[in-house]
Amino acid sequence: NQPKPVERETSPAVTEDTTKETIKTTPIENPDGSVTVITEHTTEGSTVTTIETLTDVPAEEKVPSTTTKHTVVNEDGSTTTTTTITRGETVTTVTEVTHGDITTTTTEVKTKDQPTQTTQETAERHTVVEDDGSETTTTVVTSEETTTTVTEVTKGGTTSVTKEVKEGDKPVEKTEKTRKTSTVIDEEGTTTRTTV
């Protein structure tokens with residue numbers, strides 16, 4: 001039984017807690033197989049353009065997309081964020097209700113207006129900042145019988161990610177990877193972020 005969102009129109013008291021975002025991505029494939037993604041992120045009328053060059057990009061992410069995100073604060077202090085991603089003929093609607101460290105996410109996928117998939121999962125996230133300045137974020141996601149634990153350790157521009165997947169008590173997957181991010185902002189204010 002989801003808490004009823006407090007909408008801007010009915011309760012002006014939560015106006016400052018209601019945000020809307022639009023994110024447009026334009027992927028451009030490069031001769032070396034990498035993909036340059038131009039992202040235009042608009043929040044409350046202000047737009048930030050980011051250019052990233054990525055490797056190992058899934059095929060579906062090579063299609064231009066438009067994402068709208070709307071967040072409201074509910075009467076019980078929880079937040080509801082509704083994200084709609086339009087990519088080609090596929091529309092994905094993600095509804096996230098966050099209360100404290102726990103987020104319940106419902107995802108509905110439609111292709112050509114026909115529902116093709118609906119899933120629900122619960123995530124619990126904790127972040128700890130260590131004495132050396134590094135940051136460890138642990139996220140445990142439960143979806144039916146599957147539990148996925150992702151541990152991200154970030155220090156400087158380097159993030160180490162460990163992902164463990166279990167079905168019931170049985171381990172089915174464990175992966176580790178490290179990514180380094182460097183960011184350059186030019187005189188026009190354009191941010192170029194390169195992730196390896």
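**Salt bridges, strand pairing and backbone angles**

In the predicted model, Glu-152 has a relative accessible area of 22% and is therefore classed as partly exposed, since the buried class requires a value under 20%. The side chain of Glu-152 takes part in a salt bridge with that of Arg-179, with a distance of 3.3 Å from N to O. This pair connects distant parts of the chain, as Glu-152 belongs to strand 10 and Arg-179 to strand 12 (residues 170–185), 27 residues apart. Arg-179 is likewise partly exposed, because its relative accessibility is 31% and thus falls between the limits of 20% and 50%.

In total, four salt bridges are counted in the model. Another of them joins the side chains of Lys-112 and Glu-89, at 3.7 Å from N to O. Lys-112 is located in the loop between strand 7 (102–111) and strand 8 (114–129), while Glu-89 is located in the loop between strand 5 (79–87) and strand 6 (90–99); the salt bridge therefore ties together parts of the chain that are 23 residues apart in sequence. Both residues of this pair, Lys-112 and Glu-89, are exposed.

A further salt bridge is formed by Lys-155 and Asp-132, whose closest N and O atoms are 3.6 Å apart. Here too distant parts of the chain are linked: Lys-155 lies in strand 10 (residues 146–155) and Asp-132 in the loop between strand 8 and strand 9 (135–143), 23 residues apart. Lys-155 has a relative accessibility of 49% and so counts as partly exposed, because the exposed class begins over 50%. Asp-132 is placed in the partly exposed class as well, because its relative accessibility is 47%.

The fold that carries these pairs is described next. The secondary structure of the protein consists of 13 strands and zero helices, so that the order of elements from the N terminus is β-β-β-β-β-β-β-β-β-β-β-β-β. The C-alpha trace extends over about 50 × 45 × 45 Å along its principal axes. Of the 196 residues, 23% are counted as buried. The accessible surface amounts to about 13,000 Å², and carbon and sulfur atoms contribute 48% of this area. When contacts between residues at least 6 apart in sequence are considered, 20% of them join residues at least 24 apart. With regard to charge, the protein holds 19 positive and 37 negative charges, and the mean positions of the two groups are 3 Å apart.

Strand 12, which contains Arg-179, pairs with strand 11 and with strand 13. None of its 16 residues is buried, which means that strand 12 lies largely in the open. Strand 11 (residues 158–167) pairs with strand 12 in the antiparallel sense, over ten bridges. Within this pairing, Lys-166 stands opposite Pro-171 of strand 12. The two strands, 11 and 12, form a hairpin with two residues between them, and Gly-168 in the turn has a positive phi of about 70°.

Strand 12 is also joined to strand 13 (residues 191–195) by five bridges, and these two strands run antiparallel. In this case Ser-182 stands opposite Thr-194 of strand 13. Strand 12 and strand 13 likewise form a hairpin, with five residues between them; Gly-189 in this turn has a positive phi of about 90°.

Positive phi values also occur at residues other than glycine, among them Asp-56 and Glu-144. Such values merit note because most residues other than glycine have a negative phi. At Asp-56 the positive phi is about 55°. Asp-56 is placed in the loop between strand 3 (46–54) and strand 4 (65–73). With a relative accessibility of 77%, Asp-56 counts as exposed, because that value is over 50%. At Glu-144 phi is near 55°, again a positive value. Glu-144 is found in the loop between strand 9 and strand 10. The relative accessible area of Glu-144 is 78%, and this residue is therefore exposed.

Terms used. Residues numbered from 1 in each chain as written. Predicted model: local features only at pLDDT ≥ 70, side-chain atom pairs only at ≥ 80, totals over all residues. Heavy atoms only, no water. Helix = DSSP H or I, 4+ residues; strand = E, 2+ residues; numbered from the N terminus. Buried < 20%, exposed > 50% of the residue type's maximum accessible area, 1.4 Å probe, protein only. Contact = heavy atoms within 4.5 Å. Areas by Shrake-Rupley, 256 points an atom, 1.4 Å probe, with all protein chains shown as cover. Lys, Arg positive; Asp, Glu negative; His and termini not counted. Charge placed at Lys NZ, Arg CZ, Asp CG, Glu CD. Pairing = 2+ DSSP bridges.
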